Amino acid sequence: MTHWPFLSLLIWVSILGAVPVLLAGDRRPRLARWLALLVALLTLAINLAMLPGFSDATAAMQFTESHLWIRALNVHYALGVDGIAMALILLTTITTVLVIIGAWEAIKTRVHQYMAAMLILQGFMIGVFAATDALLFYVFFEAQLIPMFILIGVWGGPRRVYASIKFFLYTFLGSIFMLVGLIYLYSRAGTFDIAALQALPLGMDAQTWLFFAFLLAFAVKIPMVPVHTWLPDAHVEAPTGGSVVLAAVMLKIGAYGLIRFALPITPDAAQHYAWLVIGLSLIAVIYIGFVALVQEDMKKLVAYSSIAHMGFVTLGLFIVFMLIRSQQGDAAELGMQGAMVQMISHGFVSGALFSCIGVMYDRMHTRQIKDYGGLAKVMPWFAAFMVFFAMANVGLPGTSGFVGEFMVILASFAANPWLALLAAFTLVIGAGYTLWLVKRVVWGEPPNAHVAAMPDINAREALVLAVFAAFVLAIGIWPEPLVRMLDAPVGQLVQTLGHSKL
Amino acid sequence: MSWNDVVTLLPELYLTGAICVLLLLDAFSGARHRAAVHWLSMLVLVVTALLVVAGHHTNPVTAFNGMYISDTLAEILKLFALLSVALVFVYGESYLCERKVAIGEFHTLMLFGLLGIMLLVSAGNLVMVYLGVELVTLSSYALVALDRDSPRSTEAAMKYFVLGALASGLLLYGMSMLYGATGTLDLTGIASTLPFTPHHTLAVFGLVFLITGIAFKFGAAPFHMWLPDVYEGSPTPVTAFVASAPKLAAVGMALRLLDLGLMPLAPYWREMLAVLAVASLAIGSLVAIVQTNLKRMLAYSTIGHMGFLFLGLSAGTAFGNAAAVFYAIVYTLMSTAAFGVILALSRAGFEADKIDDLRGLNQRSPWFAGMMALVMFSFGGVPPLLGFFAKLLVLQAAIEAHMLWLAIVGAVAAIISLFYYLRVVKVMYFDKPADDSTLSISSDASLRWVLSLNALSLLVLGVFWGPLLDWCMRAFVG
């Protein structure tokens with residue numbers, strides 16, 4: 001079984017599975033839905049079948065495949081996963097199934113194209129996480145913009161055109177300079193193999209340029225302050241499914257890129273400019289938290305909250321450099337692990353929150369906070385889920401949100417107690433904007449007859465939210481399997497970062 | 001002249017004879033046999049392609065004392081020129097029939113243009129280069145004016161002719177100076193004499209004029225003024241021709257003149273090409289944004305693409321040359337597909353050449369909207385489409401030739417130009433149709449099939465682009 005090309009299967013089942021969905025055509029939306037669900041479940045099944053053969057004792061790439069793609073350039077179609085990639089691929093396949101179930105009734109026009117775009121997007125995202133060749137990575141990285149662009153532009157809200165083009169151009173802007181950087185690396189190394197690029201000795205000047213090329217590409221994707229402005233627009237205008245995928249998986253691609261490229265290829269430049277990234281992360285955590293507080297649109301609020309939470313991820317990644325400098329290897333590992341747990345946790349929590357907003361939007365066709373109120377009275381089941389996810393967003397112990405944030409704050413404390421104090425601000429601000437949202441939407445009295453007449457969630461919606469809730473709770477109570485999966489690659493990465501390339 | 005010379009030149013000789021036969025056939029057969037001219041032209045293209053393939057040599061062969069070169073470079077460019085002309089024939093037929101434009105002349109003029117292209121890419125002598133250039137451009141002037149009742153068509157032809165004549169004059173002037181400096185018209189002879197010539201300044205002076213002529217053929221800024229008017233004013237099938245095969249000829253011409261003949265002057269022409277590249281990238285990406293006419297927008301997009309192509313040429317390395325040829329081939333495939341979609345949507349009295357005409361295409365014809373989207377993403381250089389890999393190669397060539405700044409200019413231009421390609425996708429997918437009238441996609445089955453294959457090739461070759469690159473590399477590294 002372990003010799004099967006599992007990763008190729010994952011990618012291509014998903015992408016080619018979109019073809020029959022497209023062929024189902026506009027007139028048979030039911031067929032398109034079922035086919036899409038079938039393909040998504042099949043991908044999830046393939047992914048789960050990989051787990052028994054996956055060893056979390058090693059940091060090496062597993063399930064590797066390598067075929068020569070372009071002889072003249074020595075480019076390989078090379079795939080492989082370590083614990084980090086595996087965790088993110090699992091997040092992708094689970095989210096896609098939930099998104100397809102979630103869009104069952106919400107998407108009414110051109111269902112087949114919506115479902116096909118979602119499946120193609122899934123295939124490309126898995127490709128990003130699985131690629132071990134830099135050019136292949138770049139191809140997947142860019143290619144996923146096309147389905148997302150279509151998803152936002154066709155099924156989005158009123159300002160969807162603006163949002164989709166902004167999304168596309170912003171990401172392209174960042175990544176094309178990374179392409180120049182990758183070609184430069186290729187001209188030095190003669191290969192696009194990521195492991196070889198990581199081992200390539202580079203001078204400080206080259207490292208600095210490359211670091212900023214990578215940082216620009218991935219900072220846009222994460223997104224970090226000050227290149228985050230596309231995210232609220234994209235989130236607000238995207239259909240629910242688009243928002244969920246965007247928040248749950250696509251943002252993680254930015255952080256994953258930093259882990260795979262920026263940190264190991266340019267460790268000295270990253271060390272030198274760690275203060276910059278840490279500073280920007282703290283701005284994201286505190287300032288964006290305040291920005292979230294004043295939002296009147298629920299999706300915008302959750303979008304800003306995403307930026308703040310992703311700030312924790314970048315903080316965890318770069319605090320490592322301060323800890324390495326002060327010889328605290330264990331704390332460094334803790335910080336990096338916290339960053340990754342936070343990534344996975346945020347994937348589930350933000351995905352769930354966007355799904356909740358989608359449920360409300362399907363009933364009322366508005367996302368304004370002031371249009372809602374008293375949902376606890378009219379939709380008790382929904383209110384229970386909503387409050388639960390809000391608590392996870394705040395970082396309540398027992399939910400997944402707590403684990404990652406706590407680990408990052410602990411690591412920050414080891415580096416500098418003042419940093420930890422600033423980072424811990426998020427617990428206050430996060431509680432502020434999330435609980436205030438809950439207060440205005442869930443508690444109180446229904447403001448009008450429309451809200452009072454809202455039906456509670458049906459079984460399909462309950463299923464989606466329950467699966468999200470199960471993962472949030474599982475990681476919160478028993479993070480051990482996830483942490484163990486991440487342990488070996490994180491340990492190795494921290495080790496690499498300790499060795500200067502100069 | 002020996003028998004071997006004739007055999008080497010067989011594809012061109014066959015094509016010349018076939019064109020004359022077609023011309024007579026068209027003149028005397030009357031309107032009933034117009035379809036026959038179309039199919040016979042296709043047959044001629046196929047036979048010529050077979051002759052080109054049959055004449056394959058592993059080592060370069062020359063004929064007529066070095067006037068004519070037959071090598072891998074010529075073979076690649078000829079085959080793709082033949083392919084693109086065949087595509088234009090298929091796409092253009094129903095358009096021309098509906099508008100009662102002289103279809104016989106269209107075919108014969110295109111074939112004459114093709115003959116010029118084939119001679120040009122095989123040229124080993126300055127006279128041959130000039131002969132090829134003139135044959136292509138003279139046919140093009142007439143083709144642009146083919147719809148003689150249309151004032152815009154005539155105006156475009158006039159502009160094209162005046163500027164083209166000037167460019168030819170400059171080219172000829174430059175050639176005469178090179179002859180003065182080296183005493184030979186033979187390109188290899190020039191290359192071997194140049195390092196020892198006492199008239200170095202004269203040769204460089206001549207080079208400037210040669211570059212001007214080349215840039216005009218490409219439509220590179222600042223010699224691009226004719227391009228938007230010709231694209232907009234010509235009947236669309238003619239635009240499809242002007243936008244495809246002659247670009248292959250231009251890259252062949254540039255490689256013959258610069259790489260073969262003027263390699264000793266490489267430090268000069270590399271810089272000139274870099275400047276032209278920057279100007280073209282800027283004009284191509286910025287001016288296209290404000291266009292509302294699709295054909296005109298594609299004209300500016302062409303200018304930008306030629307800028308990218310110059311990135312490869314200005315590297316002056318074997319890899320750079322291969323990247324430039326690769327780019328030209330990819331550009332030809334994308335360009336024919338884009339005009340193919342315009343031709344598929346147009347019908348008598350409706351040109352479908354405004355960007356707004358594509359509004360809501362996805363609701364009316366998801367298939368062709370998908371095809372056009374593939375072409376636009378490929379133009380914009382988004383992987384996994386072929387256009388991305390073409391850009392990747394020229395950027396790589398520039399970086400490896402230590403012109404990182406040029407690569408960064410190219411990257412910035414790629415971002416800006418992406419905007420207007422995305423706008424076309426936006427119009428097709430995000431906007432609602434302007435009216436409820438049913439959009440008739442051409443009922444010509446061969447057009448639909450060939451166009452679909454053409455557009456899908458951008459996706460398929462985007463995954464399997466290795467062999468095409470290997471082929472291009474073989475032309476330069478043996």
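What follows is a conversation between a colleague and a modeller about a predicted model of a complex.

Colleague: Which ipTM does the predictor give the complex?

Modeller: Since this is a predicted model, the predictor's own scores are a sensible place to begin. For chain B, the mean pLDDT is 90, and 98% of its residues reach 70 or more. For the complex, the predictor gives a pTM of 0.93 and an ipTM of 0.91.

Colleague: Which element gives the most residues to the side of chain A that touches chain B?

Modeller: The contact takes 26 residues from chain A and 24 residues from chain B. On the side of chain A, the elements that give two or more residues are strand S1 (62–70), helix H5 (134–143), helix H6 (145–155) and helix H7 (160–189) of chain A. By class, this side of chain A has 21 nonpolar, 2 polar and 3 charged residues. The element that gives the most, with 13 residues, is H7(A).

Colleague: Which helix gives the most to the largest nonpolar core?

Modeller: In soluble globular proteins, nonpolar side chains tend to be buried together. In this model the largest nonpolar core has 412 residues, of which B:Phe326, B:Val375 and B:Val394 touch the most other members. The helix that gives the most to this core, with 21 residues, is H15 (residues 318–345) of chain B.

Colleague: At what angle do helix H14 and helix H18 of chain B pack?

Modeller: Two packed helices are described by the angle between their axes and the distance between the axes. Here the helices are H14 (residues 294–315) and H18 (residues 386–400) of chain B, whose axes are 8 Å apart, and the crossing of H14(B) and H18(B) is left-handed. The angle at which H14(B) and H18(B) pack is about 35°.

Colleague: How many nonpolar residues are in the contact of H14(B) with H18(B)?

Modeller: From H14(B), the residues B:Phe308, B:Leu309, B:Leu311, B:Gly312 and B:Ala315 meet a set in H18(B) that includes B:Val394 and B:Ala398. Leaving aside residues up to four places away in sequence, B:Val394 touches B:Phe308, B:Leu309, B:Leu311 and B:Gly312, and also B:Ala323, B:Ala324 and B:Tyr327. By class, the contact of the two helices has 1 polar and 2 charged residues, and its nonpolar residues number 9.

Colleague: How many of the residues of helix H10 of chain A are buried?

Modeller: Helix H10 (residues 230–237) of chain A is described as mostly covered, and among its buried residues are A:Trp230, A:Asp233, A:His235 and A:Glu237. The buried residues of H10(A) pack against H6, H7, helix H11 (240–265) and helix H14 (298–325) of chain A. The count of buried residues in H10(A) is 8 of 8.

Colleague: Is A:Tyr372 buried or exposed?

Modeller: A:Tyr372 is found in the loop between helix H15 (329–364) and helix H16 (375–378) of chain A. Not counting residues up to four places away in sequence, A:Tyr372 touches A:Met360, A:Val441 and A:Val451. Because 24 other C-beta atoms lie within 10 Å of its own, A:Tyr372 is buried.

Colleague: Is A:Ala459 buried or exposed?

Modeller: A:Ala459 lies in helix H21 (residues 459–477) of chain A. Its C-alpha atom is separated by 42 Å from that of A:Tyr77, which is 382 residues apart along the chain. Because A:Ala459 has 7 other C-beta atoms within 10 Å, A:Ala459 is exposed.

Colleague: Which residue follows B:Pro383 across a cis peptide bond?

Modeller: Chain A has a cis peptide bond from A:Ile222 to A:Pro223, with omega near -15°, and A:Pro223 lies in the loop between helix H9 (204–221) and H10 of chain A. In chain B, a cis peptide bond with omega about 5° joins B:Pro383 to its partner, which is found in the loop between helix H17 (366–380) and H18 of chain B. That partner is B:Pro384.

Colleague: What is the phi of B:Phe64?

Modeller: In chain A, phi is near 60°, a positive value, at A:Gln327, a residue other than glycine, and A:Gln327 counts as exposed because it has 9 C-beta neighbours inside 10 Å. B:Phe64 is placed in the loop between strand S1 (61–63) and strand S2 (68–70) of chain B, and it is partly exposed, with 15 other C-beta atoms within 10 Å. B:Phe64 is not a glycine, yet its phi is positive, at about 50°.

Note on methods: Residues numbered from 1 in each chain as written. Chains lettered and ligands numbered in written order. Predicted model: local features only at pLDDT ≥ 70, side-chain atom pairs only at ≥ 80, totals over all residues. Contact = placed C-beta atoms within 7 Å. Helix = DSSP H or I, 4+ residues; strand = E, 2+ residues; numbered from the N terminus. Nonpolar A, V, L, I, M, F, W, Y, C, P; charged D, E, K, R; others polar. pLDDT = per-residue confidence, 0-100. Core = buried A, V, L, I, M, F, W, Y, C linked by C-beta atoms within 7 Å. Buried ≥ 20, exposed ≤ 12 C-beta atoms within 10 Å, placed from the backbone. Axes fitted to C-alpha atoms, helices over the stretch in contact; angles between N-to-C directions. Left-handed = near helix turned anticlockwise from the far one by under 90°.
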